[in-house]
Amino acid sequence: MIKRAGLGIACALGAAALYGFVPIFVRAAYVNGIPPIESTLFRTFLISVVFAIIAIVQNERLAVPKAAIPSFIGQSVATFFVSVAYLGSIQFIPVGLAVIIFYLFPVLIMVLAPAVERRSPGLVRILIAGVAFGGLAVAIGPSFEDLDIRGIALAALAAAGATLQFFSGRAISRYMAPAAFGALVHMTILPPVLLIAVMAGSGTLRFLPGGSADHVGLVFLVAVAVVYIIAYMAHMLSLRFAAASIVAPVFNLEPVVATAVAAIALGERLQMNQYAGGGLVLAALVASTLLGRRKI
């Protein structure tokens, strides 16, 4: 069991690091003519196809067992909220504030774990999650001026979605392989994401042939999808090997990676508070990893 928990943490580390690249690629695609909602649409479509192929090759049934229906519905709703609400919140509130609200989800998982998983995360884990969240707050340091309740509500909805995604992903993994339920989940959310993208684009999609996106934008669009597919697979595998309350704090690495990549690739300079906050997040990450290896 120790080895399985360690493998779950390793998968979570990989997923968190890869997820950190996604917003960078989304921004690069946007600069080159592709709106973020279209990046979400393209990656949703591609992951549906790729995961379906993987499931078929592995002789997995693309059908949801009766016992897994509740967790499948939860995973679908959660994935939709994470994909759309988080992005939408940035239109109304500062990015930093949206990130801080969204990254409440590891703390929410820690608090809800006793009821959902019928196990207590313990005071130490809750403190670790609190330190990680505090580190994010220090690293991002947003301005709290001109707040819009719509942005706050959307970011909170995304945080709730991420929390549900972890618990439902853990539950559905008992009945289905990640490729099978990953394909079906993204097939399920594809129609509403398509509808939102078409409405936002006034009936047109820029990444399609004849659209206004340039070749560089299309390259970053593909990069968004490829990185997201690998990250999502690692994410779901982590929940197959370890409880949500164990792997959740590891995902605080994601915004740290995003900040570092932005500094290197986009020339965004890091401030002292970002170094300090990133250090707190990494310290919490190490503490959580060591705790997981000892007790599970």
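**Figure 1. Leu112 and the nonpolar patch around it.** In this predicted model, Leu112 comes out as partly exposed, with a relative accessible area of 39%. The residue sits in helix 6, which covers residues 105–116. Leu112 has company at the surface: together with Leu104, Leu108, Val111 and Val116, it makes a nonpolar patch of about 380 Å².

**Figure 2. Glu254, a buried residue in helix 12.** Here we're looking at helix 12, residues 253–265, where Glu254 is found. Is Glu254 buried or exposed? It counts as buried because its relative accessible area is 15%, and the cut-off for buried is under 20%. Setting aside the neighbours within four places in sequence, Glu254 touches Ala16, Tyr19, Gly20 and Tyr103. Another residue to pick out in this view is Gly14: its C-alpha lies 9.6 Å from that of Glu254, though 240 residues separate the two along the chain.

**Figure 3. Asn32, between helices 2 and 3.** Asn32 belongs to the loop that links helix 2 (22–31) to helix 3 (36–57). A polar atom of the Asn32 side chain lies 2.8 Å from the backbone oxygen of Ala28. Which residues does Asn32 contact once neighbours within four places in sequence are left aside? The list runs Ala213, Asp214, Val216, Gly217 and Phe220. Two of those names, Asp214 and Val216, turn up again in the next view.

**Figure 4. The start of helix 10, capped by Asp214.** Asp214 caps this helix at its N-terminal end, with a side-chain oxygen 3.2 Å from the backbone nitrogen of Val216. Follow helix 10 along and you cover 27 residues, from 215 to 241. From first C-alpha to last, the helix reaches 40 Å, close to the 39 Å expected at 1.5 Å a residue. Asp214 is also among the residues in contact with Asn32, so keep Figure 3 handy.

**Figure 5. Asn59 and its positive phi.** Asn59 lies in the loop between helix 3 and helix 4, the latter spanning 69–89. What is the phi of Asn59 near? The angle is near 60°, a positive value in a residue other than glycine. Why point that out? Most residues other than glycine have a negative phi. As for its surroundings, Asn59 counts as exposed because its relative accessibility is 70%, and the cut-off for exposed is over 50%.

**Figure 6. Val138 in helix 7.** Val138 is part of helix 7, residues 122–140. With 36% relative accessibility, this valine counts as partly exposed. Leaving aside neighbours within four places in sequence, the contacts of Val138 are Asn273, Ala276 and Gly277. Leu280 is worth finding too: the C-alpha atoms of Val138 and Leu280 are separated by 8.9 Å, with their positions 142 residues apart along the chain.

**Figure 7. Zooming out to the whole chain.** How many helices and strands does the protein have? There are 13 helices and 0 strands, so the order of elements from the N terminus on is α throughout. Of the 296 residues, 50% count as buried. Contacts across long stretches of sequence, like those of Glu254 with Ala16 and Tyr19, fit the overall tally: among contacts between residues at least 6 apart in sequence, 88% join residues at least 24 apart. The accessible surface comes to about 13500 Å², and carbon and sulfur atoms account for 70% of that.

Terms used
Residues numbered from 1 in each chain as written. Predicted model: local features only at pLDDT ≥ 70, side-chain atom pairs only at ≥ 80, totals over all residues. Heavy atoms only, no water. Patch = residues over 30% accessible without salt bridge, like charges linked within 9 Å, V, L, I, M, F, W, Y side chains within 5 Å. Areas by Shrake-Rupley, 256 points an atom, 1.4 Å probe, with all protein chains shown as cover. Salt bridge = Lys/Arg side-chain N within 4 Å of Asp/Glu carboxyl O. Helix = DSSP H or I, 4+ residues; strand = E, 2+ residues; numbered from the N terminus. Buried < 20%, exposed > 50% of the residue type's maximum accessible area, 1.4 Å probe, protein only. Contact = heavy atoms within 4.5 Å. Polar contact = N/O pair within 3.5 Å; in protein donor to acceptor, adjacent residues only side chain to side chain. Expected span 1.5 Å × (residues − 1).
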